[in-house]
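Hi,

Here is the structure I promised to pass on. Have a look at it first, and my notes follow underneath.

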Amino acid sequence: MKILYLETSSKNCSVAISDGTELLSLCEEVSENYKQSENLHQFVQWALEGAEIELKDLDAVCLGKGPGSYTGLRIGASAAKGFCFSLDIPLIAVNSLDSMAFPFLNKGYDYIIPMIDARRQEVYAAVFDGCSGIKEVHTQSIVLDEISFSEYDSKKVLFVGDGAQKAADILKLSHSSFEPDVFPTAKFMLNEAVRKFEEGLFEDVAYFEPLYLKEFQGVKMADKNKKPEE
């Protein structure tokens, strides 16, 4: 089965193609400026060329459904739906935190906690068993304070993602490590996508919505005539 993967929930715009669980091609770039709208379709074309296939050869599209950047998720979801409708193929959705935890499983940690920065003291997070990869605590929005995750103080825990730096400054845990330079990526979505394909766990393309967790918050334009506060 040929699957196209789109992951646009973070600063990493990531596209991959697999044949089953075999990765055929990967094209991704981390940008502070969130360049999904500029790069996504070009990356899809490059990934197809790298896999030496055409769009018509695809059997499904797998989307990183979030949580993460509201705009990035909308861009990814719109592209995924467009491919599915035009090619008449199913849509698979995978939680974006899953791909952040996957590369750190069976590395000696009791728990892996991927975190995505959600502004101020808030993060989107989930808790995975460090060996089995089973999700012990499902995705939720958390406002961090000094007692957050205190129940894991005696455990060896790895926090990953751009929210991990914020956590490192706040949490008081004895046996924890922090890896902030980790982003959701298409290359670690393969196993879950193939499982869902084989089990027929597809999304309703017309009504699918990404995992936003909270409503879009726009930035209010400053009054040009208003003096900055001291």
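In the hairpin of S2 and S3, Gly20 takes a positive phi near 65°, and 2 residues sit between the strands. Bear in mind that this is a predicted model, so everything here is computed from the prediction.

S2 is a good place to begin, as several pieces meet there. Strand S3, residues 22-30, pairs with S2 in the antiparallel sense, and 8 bridges hold that pairing. If you want a landmark for the register, take Ala16: its bridge partner in S3 is Leu26. S2 also pairs with S1, again in the antiparallel sense, this time over 6 bridges. There the landmark is Ile3, whose bridge partner in S2 is Ser18. S1 and S2 make a hairpin too, with 4 residues between them.

So how enclosed is S2 by the rest of the structure? Largely, because 7 of its 8 residues are buried. For this purpose, buried means under 20% relative accessible area.

That leads to the packing. The largest nonpolar core has 26 residues, and the ones that touch the most other members are Leu4, Leu6, Val15, Val61 and Leu91. At least two residues of this core come from each of strand S1 (2-7), strand S2 (12-19), helix H1 (36-51), strand S4 (60-64), helix H2 (70-87) and strand S5 (91-94). Which of them gives the most to this core? H1 does, with 6 residues. Leu91 is worth clicking on: leaving out residues up to four places away in sequence, Leu91 touches Val61, Leu63, Ala80, Cys84, Phe202, Glu203, Val205 and Phe208.

There is also a second, separate core, made of 17 residues, and Phe159, Ala167, Ile170 and Leu171 are among them.

Now for the other sheet I looked at. It is open, has 5 strands in the order S8-S7-S6-S9-S10, and its pairing is mixed. Strand S8 (135-143) and strand S10 (176-179) are the edge strands, each pairing on one side only. Neighbouring strands in this sheet are turned by 20° against each other on average, with direction ignored. At the S10 end, S9 (residues 157-160) runs parallel to S10 and 4 bridges join the two. Val157 stands opposite Ser176 in S10, if you want to find that pairing on screen.

Since you may be looking for cavities and pockets, here is one to check. The second largest pocket has a volume of about 220 Å³. Its lining comes to 13 residues, and Asp98, Phe102, Leu105, Gly133 and Glu192 lie nearest its centre. Helix H3 (96-101) and helix H5 (190-199) are the elements that give two or more residues to that lining.

One last residue, in helix H3: Ala101. Is Ala101 buried or exposed? Buried, because its relative accessible area is 1%, and the cut-off for buried is under 20%. Not counting residues up to four places away in sequence, Ala101 touches Ile112, Pro114 and Phe128. Tyr124 is 23 residues away from Ala101 along the chain, and their C-alpha atoms are separated by 13 Å.

Over to you!

Key. Residues numbered from 1 in each chain as written. Predicted model: local features only at pLDDT ≥ 70, side-chain atom pairs only at ≥ 80, totals over all residues. Heavy atoms only, no water. Pairing = 2+ DSSP bridges. Axes fitted to C-alpha atoms, helices over the stretch in contact; angles between N-to-C directions. Core = buried A, V, L, I, M, F, W, Y, C linked by side-chain atoms within 4.5 Å. Buried < 20%, exposed > 50% of the residue type's maximum accessible area, 1.4 Å probe, protein only. Contact = heavy atoms within 4.5 Å. 1 Å grid on protein atoms, 1.4 Å probe; cavity = no way out; pocket = protein on both sides within 12 Å on 5 of 7 lines; lining within 4 Å. Points joined across faces, edges and corners; volume = space filled by probe spheres on them.
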